[in-house]
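Hello,

Here is the structure I said I would pass on. My notes on it follow below.

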Amino acid sequence: MKIAVVGKGGSGKTTTAAVLARTFARSGHSTLALDCDSNPNLGISLGIGEQATEDLLSVRDAVDAGDQEHAASADDLVDRFGFEAPDGVRLAVVTAIQNPQPGCP
Amino acid sequence: MGRPVGGSPVSGELAFVEVLELAQRLEQVAGPFLADAVHREAEVHNDPVTHLHAVIAEHRDGHVLRRSVHGDAGVLVGTAEKLDDLTGQPETHAHTSLTMGDAAQSRPVRSRSPLRRLARVAGMRVAFVGKGGAGKSSLAGTFARILAGTGRNVLALDSDPMPGMAFSLGVAQTDSGLPDSAVEEYDHEGRTAYRLREGLTGTEAVLQYATAGPDGVHFLQLGKARGMRWRNTRAHFAFQRVLDDLPGEGWSVVGDLPGGTRQPFLTWGRYAETFLVVAEPTPASWLTGRRLAKLAAMQGTPRVVVVANKVRESHDAELVSQRTGLPLVGAVPMDPTVREADRLGCAVLDLDPGCPSVTAVRSLVAALGEVKETR
């Protein structure tokens, strides 16, 4: 199954997503936790810690960085840039805002 | 408790003596209960003077004393005056601690109210940023109204696509945006582009379309998602023009920006002289604060400072400053009144103007005014 957690800031999206991911993983499902927030903090809620969360390279940055092939498959990206979180959850950060230039309004 | 946030030049011992003296006189003025509380504070904390202020502020505002809640009570800048009211001797305590991080100096209590002093300062332009749920809207709305209450022209500018500021301001109308008729199409090098309609300046747009809120606040929303994205885009590009032409002289602007590090925060907050990062004592909040500071630094040199929100422990405020790497301009205690106001959908200021969080925001208004004045 594929679940997206949405809602107002501070209502508990990240916490809910993390608990869901670890619960599924514990019950034997292969679980991918995707952090699609431009301010990605899911790592903290999954339990990998503040520093590791800050150091996570987003998939997009990794691809933009150069020598990785742009045509890599989604599975390949998750394998290469995913991060091992507790209970066997695979964590991947989709994108993080790295520059202050205006984009869409 | 650790070192007081503002750093007090009063030695612990001297402060202790002062507190005992005050406590004795307070006993006459305010009864044994308060004096007892002060004694307990003095035993527990090595910066009893600032804690004393907090205790008295809470007492004066009719709240049950909650010893553990107010944290680094130096946040309650301005309570020195309440203390003076109670004791009738303004010079008794030598210093009041302003929670301004390391850059701040404790200073002699002045006879003039910080808020009154603020009236001499030119308008301030502040934008509230921070992690979702950190309390931006709550603080920004309260901040705007308190500032307006000092007799200034204040524009409360909501550019968070999520609702929030209307509630914290106590404005009944949650849709106070610019109408589509304020925008016109024009041809820009062969492409269709959008701008404010001919003859409409940003300032006029504000004066014409802002909603009148309590305490004389002018409330305007820009950048709200009113429909699917493609319907918003045209208007949003035009509405941004307003940001470049906000009312100037004599006006203050208090902005509520989207949560997190969304790319447009600098776009929609470009009027700000000060970005006020609202951060809770949590790692996710700190990480967000560091990211915001980094993004802001890449953009130029707006002043970026932090206000600690929902502080519970005495060292929380200092921790927030350390872990975000930002200078602390204030701290707001965890306050059940805010939660209750959220639940009721009303302004915390209307629910209980004397509650600890409102008192702390009052201090924050004064503190930012001071910073600006001395800049």
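This is a predicted model, and confidence varies along chain A: it is highest in helix H1 (residues 13-26), with a mean of 97, and lowest in helix H4 (residues 59-64), with a mean of 68. For chain A as a whole the mean pLDDT is 83, and 78% of its residues reach 70 or more.

Chain A also holds an open sheet of 3 strands, in the order S1-S3-S2 and with mixed pairing. Strands S1 (32-35) and S2 (83-84) of chain A are at the edges with a single partner strand each, so each has one side without a neighbour in the sheet. Between S1(A) and strand S3 (residues 90-93) of chain A there are 4 bridges, and the two strands pair in the parallel sense. As an example of this pairing, Leu32(A) has Arg90(A) in S3(A) as its bridge partner.

In chain B, I looked at helix H11 (residues 283-299). Its 17 residues should span 24 Å at 1.5 Å a residue, and the C-alpha atoms at its ends are 25 Å apart, which agrees. Of the 17 residues of H11(B), 12 are buried, so the helix is largely enclosed by the rest of the structure. Among the buried residues are Trp286(B), Leu287(B), Arg290(B), Arg291(B) and Leu292(B). Gly300(B), just after H11(B), takes a positive phi of about 150°.

When you go through chain A, please keep in mind the mean of 68 for H4.

Regards

Terms used:
Residues are numbered from 1 along each chain as its sequence is written. Chains are lettered from A and ligands numbered from 1 in the order in which they are written. This is a predicted model: local features need pLDDT of at least 70, side-chain atom pairs count only at pLDDT 80 or more; totals for chains, interfaces and linings use all residues. Side-chain values use heavy atoms; hydrogens and water are left out. Two strands pair if DSSP finds at least two bridges between them. pLDDT is the predictor's confidence in each residue, from 0 to 100. The expected span of a helix is 1.5 Å times one less than its number of residues. Buried means under 20% relative accessible area, exposed over 50%, partly exposed in between (1.4 Å probe, protein chains only).
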